[in-house]
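Hi,

Here is the structure I promised to pass on. Have a look at it first, and then read my notes underneath.

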Amino acid sequence: MEIIVQGKGVEYVTPNEVIISINFTTKGYSYEEVLKEGTKNVKVFVEEVLIKNNFRKEEMKTRNFVIREETKYNKITGEYDPDGYSFNQMASLKFDYNEELIATMMVTISKLENAPKCQINFGIKNEKECRKNLLASAYTDAENQAQAIAEAAGKTLKYCEKVDFKPFTTNYVSQTNFGADAMFTERAYDGAVQTIINTFTPEDIELIENLYCLWIAE
């Protein structure tokens, strides 16, 4: 007798990693202008935010860098006219979860003259171990289901003939995030760092993996 079941592994994990996505943007009339101003903003961020919080500049990883000529639609001519240049550099920074460090960086960034847009997400560092535990849990769930079906049919569960699963699709990042707006709400208040620490708790990450198992019962 063949028994096909879907086993599910579910786990709720407290985030232990911070992922900050950083977007530096500058607009100007010339290529040289935006390049100069854009790189200056990045340099200030490195010096005022990274270095002063004990990060090495190499820990901020660049995802994308582009300077492009912008255009705008001219309703009179029906064509697109030149509209200066834009500088865009996207980067990311990861570090161990630390409420005080997160709060300090949020307030520091809010005080920069031309602060980049930032979004803070929360993840887990040991994804491999979590996936291993989830799959083990899913396998156990599948075995329990197959055992119940076999007993209901008056059979004895013998062994698992085949295991299949879809590529890992679980998002190992918490749904909690902070965007640029959250960064700037505290800029006018004293004690902003402590305020953020006292009011901020990221949501646990729900992890789910499925296994499809073919069991043999006799």
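Below is what I found, beginning with the nonpolar cores and moving on to a sheet and the helix packed on it.

Please keep in mind that this is a predicted model.

The cores: the largest nonpolar core has 27 residues. Ile 20, Phe 45, Met 60 and Phe 95 are the ones with the most contacts inside it. Two or more residues each come from strand 2 (17-28), helix 1 (31-50), strand 3 (60-74), strand 4 (79-96), helix 2 (99-110) and strand 5 (117-123). Helix 1 gives the largest share, six residues.

Phe 95 is a good place to centre your view. Leaving aside neighbours within four places in sequence, Phe 95 is in contact with Glu 17, Val 18, Ile 20 and Phe 55, and also with Leu 101, Ile 102 and Met 105. Apart from the largest core lies another one, of 11 residues, including Ile 3, Val 5, Ala 138 and Ala 146.

The sheet: three strands form an open sheet in the order 1-8-6, with antiparallel pairing. Strand 1 (2-13) and strand 6 (157-164) are its edges, each pairing on one side only. On average, neighbouring strands here are turned by 35° against each other, direction ignored. Strand 6 pairs with strand 8 (residues 205-217) over six bridges, in the antiparallel sense, and Leu 157 stands opposite Ala 217 in strand 8.

Helix 3 (residues 127-152) packs on this sheet and touches strand 1, strand 6 and strand 8. The direction of helix 3 makes about 140° with that of strand 1.

Happy to talk it over whenever suits you.

Best wishes

Key:
Residues are numbered from 1 along each chain as its sequence is written. This is a predicted model: local features need pLDDT of at least 70, side-chain atom pairs count only at pLDDT 80 or more; totals for chains, interfaces and linings use all residues. Side-chain values use heavy atoms; hydrogens and water are left out. A nonpolar core is a set of buried Ala, Val, Leu, Ile, Met, Phe, Trp, Tyr and Cys residues joined through side-chain atoms within 4.5 Å. Buried means under 20% relative accessible area, exposed over 50%, partly exposed in between (1.4 Å probe, protein chains only). Helices (H or I, at least four residues) and strands (E, at least two) are DSSP runs, numbered from the N terminus. Contact means heavy atoms within 4.5 Å. Two strands pair if DSSP finds at least two bridges between them. Axes are lines fitted to C-alpha atoms, for helices over the stretch in contact, and angles run from 0 to 180 degrees between N-to-C directions.
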